[in-house]
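This report looks at a single protein chain, at how some of its helices pack against one another, and at the surroundings of its ligand. The sequence and the coordinates are shown first.

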Amino acid sequence: MRVHYKPWVRLLAHPTVIPNSMLDYATDFGFDEALNNPSSPISDLIARANTSPYEQSDVLSEFAGRMCYDSFTKGRAPDEYVKNVIDDRHGNVFIHPSFSFITAGISRGLSHELVRHSVGAGPSQRSQRFVKVKIVEGADGQIVYEGADCVLPPIIVHMADQYRRDGQEEKAKELIEDFVNDFQTSLKNYAKGEEKYTQYLKKYASDNTQISEMLTKRVREASRYVLPNACETRMVWSMNVRAAFNIYDRRGSYHADLEIRRLVVEFLNLMKPYAPYALNDFKSFVDIDGFPSISVPAVGI
Ligand SMILES: Cc1cc2nc3c(=O)[nH]c(=O)nc-3n(C[C@H](O)[C@H](O)[C@H](O)COP(=O)(O)OP(=O)(O)OC[C@H]3O[C@@H](n4cnc5c(N)ncnc54)[C@H](O)[C@@H]3O)c2cc1C
């Protein structure tokens, strides 16, 4: 069983604009003059989509916005354009670019909060019914649990670090060990339940593979009821930029749970290079409690 001190996060996918499609649109719908001018917005969008893996999200939003008003011939610089769209609350241009993350080392408590964000965002989450908690006897006779890791609450990690800084190594160790022991008690109860329900359900298992497989699942799903919020989970999380604005506002705040706050700060840092203008005014900073938060633009979008 692994103990997680912080989330494991990687950016899995980011938007890629197809420059030729913008070119085709401009050619087929009468923007030749703008195309012939290398400093026009449409020429600039095509050039940026062609040359840089970054800014793709902003290029997509700007193209969508300019398409609405036929404004490919002249206009604001890209950063000003996107800022102006945000100030005008023309929010739908930000639903097109979408980002996906693969994350592990986060708690079921956190995932339960994240999935409340239902608009423009969503998860695929590792299953507790299909992925079995393996109970293995280690070489020293100790029982080892695999498949159900323990996530430490950030405040406990923080307290342990503080003890260490104060030279109280023993106290730091004890704090973490106490938490992990409590967690392991629930794993023992999981194992106990699994054994009990398996014995009981064996009576009903038949040679029919389908029924046997379903009963195994019933055992696992009943056993998992005693697992705590600290149980580690993994998910692919996707969200479009507009949804991200809302999530950074709600979950990057001082009032949010520390673990989800820490995760969304990571999301922001990974997304920002691909949407530098849209996310320009979303900034991570160390809040009054010493943990990172996200400051968001005053205008709600
Ligand atoms: C500090 C904090 C404490 C919280 N505590 C609790 C709690 O104790 N219990 C609890 O259940 N939840 C709690 N929540 C969750 C909260 O109520 C929201 O469900 C969550 O933040 C998702 O936000 P959202 O609705 O804006 O997101 P989304 O569901 O993604 O919605 C995005 C936006 O779409 C619009 N929208 C979405 N659904 C509708 C709708 N049905 N009708 C009209 N407009 C809609 C709204 O403008 C909304 O802001 C808490 C959230 C925070 C940040």
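What follows describes the chain as a whole, then three helix pairs, and finally the ligand shell.

The model is a predicted one, and in its totals for chains, interfaces and linings every residue is used. The chain has eleven helices and ten strands. Its C-alpha trace spans about 75 × 60 × 30 Å along the principal axes. The radius of gyration of the chain is 25 Å, whereas a compact globule of 301 residues would have a value near 19 Å.

Three helix pairs are set side by side in the table.

| Helix pair | Angle | Axes |
|---|---|---|
| H3 (residues 41–51) and H4 | about 155 degrees | 10 Å apart |
| H4 (residues 56–69) and H5 (residues 78–88) | about 65 degrees | 10 Å apart |
| H10 (residues 241–251) and H11 (residues 258–271) | roughly 140 degrees | within 9 Å |

Helices H3 and H4 pack at an angle of about 155 degrees, and they are therefore roughly antiparallel to each other. Their crossing is left-handed. From H3, the residues Pro 41, Leu 45, Arg 48 and Ala 49 take part in the contact, and from H4 the residues Gln 56, Val 59, Glu 62, Phe 63 and Arg 66 do so. Divided by class, this contact of H3 with H4 holds five nonpolar residues, one polar residue and three charged residues.

Helix H4 also packs against H5, here at an angle of about 65 degrees, which makes H4 roughly perpendicular to H5. The crossing of these two helices is left-handed. On the H4 side, Asp 58, Ser 61, Glu 62 and Gly 65 meet Pro 78, Tyr 81, Val 82 and Val 85 on the H5 side. The residues of this contact of H4 with H5 comprise four nonpolar, two polar and two charged. Glu 62 of H4 is thus listed in the contact with H3 and again in the contact with H5.

Farther along the chain, the axes of H10 and H11 cross at roughly 140 degrees and come within 9 Å, and H10 passes H11 in a left-handed crossing. Ala 244, Ile 247, Tyr 248 and Arg 251 of H10 make this contact with Ile 260, Arg 261, Val 264, Leu 268 and Met 271 of H11. Seven of the residues in the contact of H10 with H11 are nonpolar, none is polar and two are charged.

The ligand is surrounded by Arg 116, His 117, Ser 118 and Val 119, together with Ala 243, Asn 246, Arg 250, Arg 251, His 255 and Ala 256. By class, this shell contains three nonpolar, four polar and three charged residues. Arg 251, one of the residues around the ligand, is also one of the H10 residues in the contact with H11.

Terms used:
Residues are numbered from 1 along each chain as its sequence is written. This is a predicted model: local features need pLDDT of at least 70, side-chain atom pairs count only at pLDDT 80 or more; totals for chains, interfaces and linings use all residues. A residue is near a molecule or strand if its C-beta atom, placed from the backbone, lies within 6 Å of it. Ala, Val, Leu, Ile, Met, Phe, Trp, Tyr, Cys and Pro count as nonpolar, Asp, Glu, Lys and Arg as charged, and the others, Gly among them, as polar. Axes are lines fitted to C-alpha atoms, for helices over the stretch in contact, and angles run from 0 to 180 degrees between N-to-C directions. Helices (H or I, at least four residues) and strands (E, at least two) are DSSP runs, numbered from the N terminus. Angles under 35 degrees count as roughly parallel, over 145 as roughly antiparallel, 65 to 115 as roughly perpendicular and the rest as oblique. A crossing is left-handed if the near helix is turned anticlockwise from the far one by less than a right angle, and right-handed if clockwise. Two residues are in contact if their C-beta atoms, placed from the backbone, lie within 7 Å. The radius of gyration is taken over C-alpha atoms; the globule rule is 2.2 Å times the number of residues to the power 0.38.
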